[in-house]
Amino acid sequence: MNYIDEIKNYIPKDAQEIQDKKVILNCIELFPQNILLRDNEIAHITSSGFILNKSLSKVLMIHHNIRNTWAWTGGHADGDADLLAVATREALEETGVNVIPISTSIASIDILTVTRHFKNKAYVNAHLHLSIAYLFTANEEDSLVVNPDENSGVEWFPIEKINEELFTDRDVYLYSKLIKRAKLWLG
């Protein structure tokens, strides 16, 4: 199934996902030539992976260089229409661990704001990430590897630590939503 059909077939779970799905599909229509490329400086598709241990008691996070905070893995599609493959590749690149999809289905659709910043000494304007997310499990005994181009740390967090002491309310909402979906899917 192609990524557009995957998004169209995704059943939103709440008002946020209903609205974000509508806007993402509108952006795909507006920018068919470059929605999968970051040269679209307004909005582009990204794919993220939310990685849990097998007992669903911990989440694998990276310390993101640009955001300067702990975050999930993910990245730009860079022209690749296989968004599950993008999320899988980014997870390995950013953590060093092999991940196993809990499902090949989309777990979450979100529009994430990116503030202006510099990357490799080049200015990047504020824009939107049209985030397509997948759920993964990984063996927490696997060796973790920091990717200095992307992050300054990789660490397992107990799910109880996903709170507003360590994360923004926006991140807590998103990560909590994904933890609930993982528990629902794995029963």
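Which residues of H2 are buried? Keep that in mind as you go through these close-ups of a predicted model.

**View 1. Helix H2 and its buried side.** Here's the list: Glu17, Asp20, Lys21, Ile24, Leu25, Cys27 and Ile28 are the buried residues of H2. Looking down the axis of H2, you'd find them within an arc of 155°, so they line one face of the helix. Turn to the face pointing away from that buried side and you meet exposed residues instead: Ala15, Ile18, Glu29 and Leu30. What do the buried residues of H2 pack against? Their partners are helix H1 (3-9), strand S1 (43-52), strand S6 (108-114), strand S9 (127-137) and helix H4 (169-186).

**View 2. The length and the N-terminal end of H2.** Helix H2 covers residues 15-30, which makes 16 residues. At 1.5 Å a residue, they should span 22 Å, and the end C-alpha atoms are 23 Å apart, so the two agree. Now look at the N-terminal end, where Asp14 acts as a cap. One of its side-chain oxygens sits 3.3 Å from the backbone nitrogen of Gln16.

**View 3. Strand S9 and its neighbours.** Is S9 mostly enclosed or open? Of its 11 residues, 10 are buried, so S9 is largely enclosed by the rest of the structure. S1 runs parallel to S9, and 10 bridges join the two; to spot one pair, find Gly49 and its bridge partner Tyr134 in S9. S6 pairs with S9 in the antiparallel sense over seven bridges, and here Ser108 has Ala133 of S9 as its bridge partner. Strand S5 (residues 100-101) is antiparallel to S9 too, with two bridges. Look for Ile100, whose bridge partner in S9 is Thr137.

**View 4. Helix H3 and the glycine just after it.** H3 takes in residues 83-95, and its 13 residues should span 18 Å at 1.5 Å a residue; the end C-alpha atoms are 18 Å apart, so that agrees. Which residues of H3 are buried? They're Leu83, Leu84, Val86, Ala87, Glu90, Ala91, Glu94 and Thr95. These cover an arc of only 160° around the axis, which puts them on the same side of H3. Just past the helix comes Gly96, with a positive phi of about 85°.

**View 5. The annotated span.** An unreviewed UniProt entry lists residues 42-180 as "domain: Nudix hydrolase". In the model, this span is 18% helix and 42% strand, and its end C-alpha atoms lie 31 Å apart.

How values were computed. Residues are numbered from 1 along each chain as its sequence is written. This is a predicted model: local features need pLDDT of at least 70, side-chain atom pairs count only at pLDDT 80 or more; totals for chains, interfaces and linings use all residues. Side-chain values use heavy atoms; hydrogens and water are left out. Helices (H or I, at least four residues) and strands (E, at least two) are DSSP runs, numbered from the N terminus. The expected span of a helix is 1.5 Å times one less than its number of residues. Buried means under 20% relative accessible area, exposed over 50%, partly exposed in between (1.4 Å probe, protein chains only). The arc is that of the directions from the helix axis to the C-beta atoms. Contact means heavy atoms within 4.5 Å. A polar contact is a pair of N or O atoms within 3.5 Å; within protein, one must be able to donate a hydrogen and the other to accept it, and residues adjacent in sequence count only if both atoms are side-chain atoms. UniProt positions are given in the numbering used here, feature names are shortened, and annotations may be inferred rather than shown by experiment. Two strands pair if DSSP finds at least two bridges between them.
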